[in-house]
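Trainee: Could you take me through one part of this protein closely, namely the aromatic rings and the nonpolar core around them? I would like a connected account rather than a list.

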Amino acid sequence: ALWDLSLGQTVYFADRRININSQQDTLEESDIAGQFTTYINPYMRALGSVQYNLENDKVMRASTGFHYHKNSWLFNFDYRFAREQPIPGANLTQEIDQLDLSFYAPASAQWKWMGRLLYDLDEQRELEAFIGLEYGSCCYRLRTVARRWLDTNLALSADAERRPYDQGLFFEIELIGLGASGKRLENLLKDSIFGYKQKR
């Protein structure tokens with residue numbers, strides 16, 4: 001296996017202005033940040049990162065993941081954590097404790113399965129979930145996806161019990177060489193399934 005490791009910290013030699021009211025940040029050093037990637041074989045890699053605050057002796061952010069990509073097979077597992085912090089411009093705080101699973105896999109020579117589950121471990125509810133099928137031939141590609149997701153703006157509201165979901169069934173036809181009908185689903189898959197863009 002091959003490893004890629006990095007570790008760093010910023011040291012400040014002067015105070016910084018951090019907002020329009022000229023409030024000063026007097027910290028002399030930043031959190032310690034580190035990350036790693038290990039290439040298990042040509043098709044698999046594991047990665048992670050951590051941000052550690054020496055002043056309060058706490059991990060502020062952390063992530064870890066596992067990615068598999070071989071031919072038409074994609075599988076991703078990611079975990080992200082961020083300690084509760086204030087949301088800029090809102091009288092709220094937010095903590096991230098999320099599990100993210102996604103895949104793209106052949107069902108046959110022309111049919112492919114795809115899906116994603118983004119789950120909030122703190123609130124024990126999904127933030128986004130979808131499952132879909134893609135059919136490809138020499139001349140066109142057809143996609144259909146059933147999706148359920150939490151509205152991004154309402155997800156930050158203080159009333160967690162009343163955060164509604166949006167849901168829908170989506171279709172898209174792509175003519176090879178001419179483009180797709182809006183590319184909404186293709187962009188969703190590129191943003192949601194790591195490696196989907198590279199496999200195209």
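**Rings, charges and the core**

Mentor: Arg 148 lies over the face of Tyr 165, at 3.7 Å from the centre of the ring. Please keep in mind throughout that this is a predicted model, and that each value I quote is computed from it. A charge also sits over a ring at Trp 149, where the charged end of Arg 147 is placed 4.1 Å from the ring centre.

Trp 149 is a useful residue to follow from here, since its ring also pairs with that of Phe 170: the two centres are 6.2 Å apart and the planes meet at 45°, so the pair counts as tilted, the class that runs between under 30 degrees for stacked and over 60 for edge-to-face. Trp 149 belongs to strand S11 (residues 140–150) and Phe 170 to strand S12 (residues 165–175), so this pair ties together parts of the chain that are 21 residues apart in sequence. Both partners are buried, Trp 149 with a relative accessible area of 16% and Phe 170 with one of 17%, and the cut-off that matters for that word is under 20%.

In total there are five aromatic pairs in the model. Another of them joins Tyr 135 to Tyr 140, again in a tilted arrangement, with 5.9 Å from centre to centre and 40° between the planes. Here the two partners fall into separate classes of exposure, because Tyr 135 has a relative accessible area of 16% and is buried, whereas Tyr 140, at 34%, counts as partly exposed. Ring pairs also bring in Trp 111, which forms a cluster with Tyr 135 and Tyr 140.

Trp 149 and Phe 170 lead on to the nonpolar core. The largest such core has twelve residues, and besides these two rings it includes Tyr 104, Phe 130 and Tyr 196 among its aromatic members, and Leu 74, Met 114, Val 145 and Ile 193 among the others. Strand S11 and helix H1 each supply at least two residues of this core, and the largest share, three residues, comes from H1. Leu 185, Leu 188 and Leu 189 are core members, and these leucines are also among the buried residues of H1 (residues 184–192).

Helix H1 therefore deserves a closer look in its own right. Its buried residues are Leu 185, Glu 186, Leu 188, Leu 189 and Ser 192. They cover an arc of only 160° around the axis, which puts them on the same side of H1. The spacing behind such a pattern is that an α-helix has 3.6 residues a turn, so residues three or four places apart point the same way. On the face of H1 turned away from the buried side are the exposed residues Arg 184 and Asp 191.

To set this part in its surroundings, the protein has two helices and 13 strands, and buried residues make up 28% of its 200 residues. About 13100 Å² of surface is exposed, with carbon and sulfur atoms supplying 54% of it. Among contacts between residues at least 6 apart in sequence, 36% join residues that are at least 24 apart.

How values were computed. Residues numbered from 1 in each chain as written. Predicted model: local features only at pLDDT ≥ 70, side-chain atom pairs only at ≥ 80, totals over all residues. Heavy atoms only, no water. Buried < 20%, exposed > 50% of the residue type's maximum accessible area, 1.4 Å probe, protein only. Helix = DSSP H or I, 4+ residues; strand = E, 2+ residues; numbered from the N terminus. Arc of directions from axis to C-beta. Phe/Tyr/Trp six-rings, centres within 6.5 Å; stacked < 30°, edge-to-face > 60°. Lys NZ or Arg CZ within 6 Å of the ring centre and 35° of its normal. Contact = heavy atoms within 4.5 Å. Areas by Shrake-Rupley, 256 points an atom, 1.4 Å probe, with all protein chains shown as cover. Core = buried A, V, L, I, M, F, W, Y, C linked by side-chain atoms within 4.5 Å.
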